[in-house]
Amino acid sequence: TDFSYPNIELSLSNLINSFPKDAEKYLSETKNDIGWRGKNIKIMWMKLAVQQGKLKYIKDLKDFTTQSYGFETRINAIKALKELNYLDSETAGNIIKGYFYWNYKLVRVAKDALIYFNQQSKYSKIINKYIRSQKLKNLDTKRLNNIL
């Protein structure tokens, strides 16, 4: 019930992790909260809901990684999907697009996620397949190869 968005986000996560039997209650109480720039509460809520088995929210998290949203929302969504250890071809493409974005904050998070996912063979295949399917500039391909 705090007015501070960061406090709500942190409390929601801590309460669900500390009292998993009450997770549904906490999710219900905060389901309409969005948060501030970057939709911090909404993305945390969706991540926690997925961890509780509500897999339908993966689609919404994936959508938040697209260029339709501001860089802060994209950052939060990429971090959430990384914590969920979830990647598919569409999301890999959105993360790669984030890696080539002008904002260094998004670039840094996208780079970190690409390195993380690329270390797992099943996700490495997805990333490399996506890269091969695109007509990237040689410089862009070189940049990706340097981090992968």
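**Figure 1. Helix α5 and the lining of the largest pocket.** In this predicted model, α5 supplies seven residues to the lining of the largest pocket, the largest share of any contributor. Other helices chip in too: α1 (5-18), α3 (40-51) and α7 (104-118), along with α5 (71-84), each supply at least two lining residues. The space inside comes to about 370 Å³. Of the 18 residues that line the largest pocket, Glu 9, Glu 72, Ile 75, Asn 76 and Lys 79 are the closest to its centre. By class, the lining splits into eight nonpolar, eight charged and two polar residues.

**Figure 2. The second largest pocket, with α1 as the main contributor.** Here we look at the second largest pocket, which holds about 250 Å³ of space. Its lining is made up of Thr 1, Asp 2, Asn 7, Ile 8, Ser 11, Leu 12, Leu 15, Tyr 26, Glu 29, Thr 30 and Asp 33. Two elements, α1 and α2 (23-30), give two or more residues to this lining. Which of the elements gives the most? That would be α1, with five residues. Sorted by class, the lining of the second largest pocket has four nonpolar, four polar and three charged residues.

**Figure 3. Where α1 packs on α3.** The axes of α1 and α3 sit 9 Å apart, and the two helices pack at an angle of about 10 degrees. The angle is under 35 degrees, so α1 counts as roughly parallel to α3. On the α1 side, the residues that take part are Tyr 5, Pro 6, Ile 8, Glu 9, Leu 12, Ser 13 and Ile 16; they meet Asn 40, Ile 41, Met 44, Trp 45 and Leu 48 in α3. Class by class, this contact has nine nonpolar residues, two polar ones and one charged one.

**Figure 4. Ile 8 and its contacts.** Zoom in on Ile 8, which belongs to helix α1. Is Ile 8 buried or exposed? With 14% relative accessibility, Ile 8 counts as buried, because the cut-off for buried is under 20%. Leaving out neighbours within four places in sequence, Ile 8 is in contact with Asp 2, Thr 30, Asp 33 and Ile 41. Among these partners, Ile 41 is also one of the α3 residues that meet α1, while Asp 2, Thr 30 and Asp 33 turn up in the lining of the second largest pocket, as does Ile 8. For a sense of scale, Ile 8 and Arg 74 are 66 residues apart in sequence, and their C-alpha atoms are 20 Å apart in space.

**Figure 5. Asn 40 in helix α3.** This view is centred on Asn 40, a residue of helix α3. Asn 40 is buried, with a relative accessible area of 3%. Which residues does Asn 40 touch, not counting those up to four places away in sequence? They are Tyr 5, Pro 6, Glu 9, Ile 34, Gly 35 and Asn 76. Glu 9 and Asn 76 also appear among the residues closest to the centre of the largest pocket.

**Figure 6. Positive phi at Lys 39 and Asn 85.** Lys 39 lies in the loop between α2 and α3. Its phi is near 50 degrees, a positive value in a residue other than glycine. Lys 39 is partly exposed, with a relative accessible area of 25%. Now hop over to Asn 85, in the loop between α5 and α6 (89-99). Phi of Asn 85 is near 55 degrees, again a positive value in a residue other than glycine. Asn 85 is partly exposed, with a relative accessible area of 25%.

Terms used:
Residues numbered from 1 in each chain as written. Predicted model: local features only at pLDDT ≥ 70, side-chain atom pairs only at ≥ 80, totals over all residues. Heavy atoms only, no water. 1 Å grid on protein atoms, 1.4 Å probe; cavity = no way out; pocket = protein on both sides within 12 Å on 5 of 7 lines; lining within 4 Å. Points joined across faces, edges and corners; volume = space filled by probe spheres on them. Helix = DSSP H or I, 4+ residues; strand = E, 2+ residues; numbered from the N terminus. Nonpolar A, V, L, I, M, F, W, Y, C, P; charged D, E, K, R; others polar. Axes fitted to C-alpha atoms, helices over the stretch in contact; angles between N-to-C directions. Parallel < 35°, antiparallel > 145°, perpendicular 65-115°, else oblique. Contact = heavy atoms within 4.5 Å. Buried < 20%, exposed > 50% of the residue type's maximum accessible area, 1.4 Å probe, protein only.
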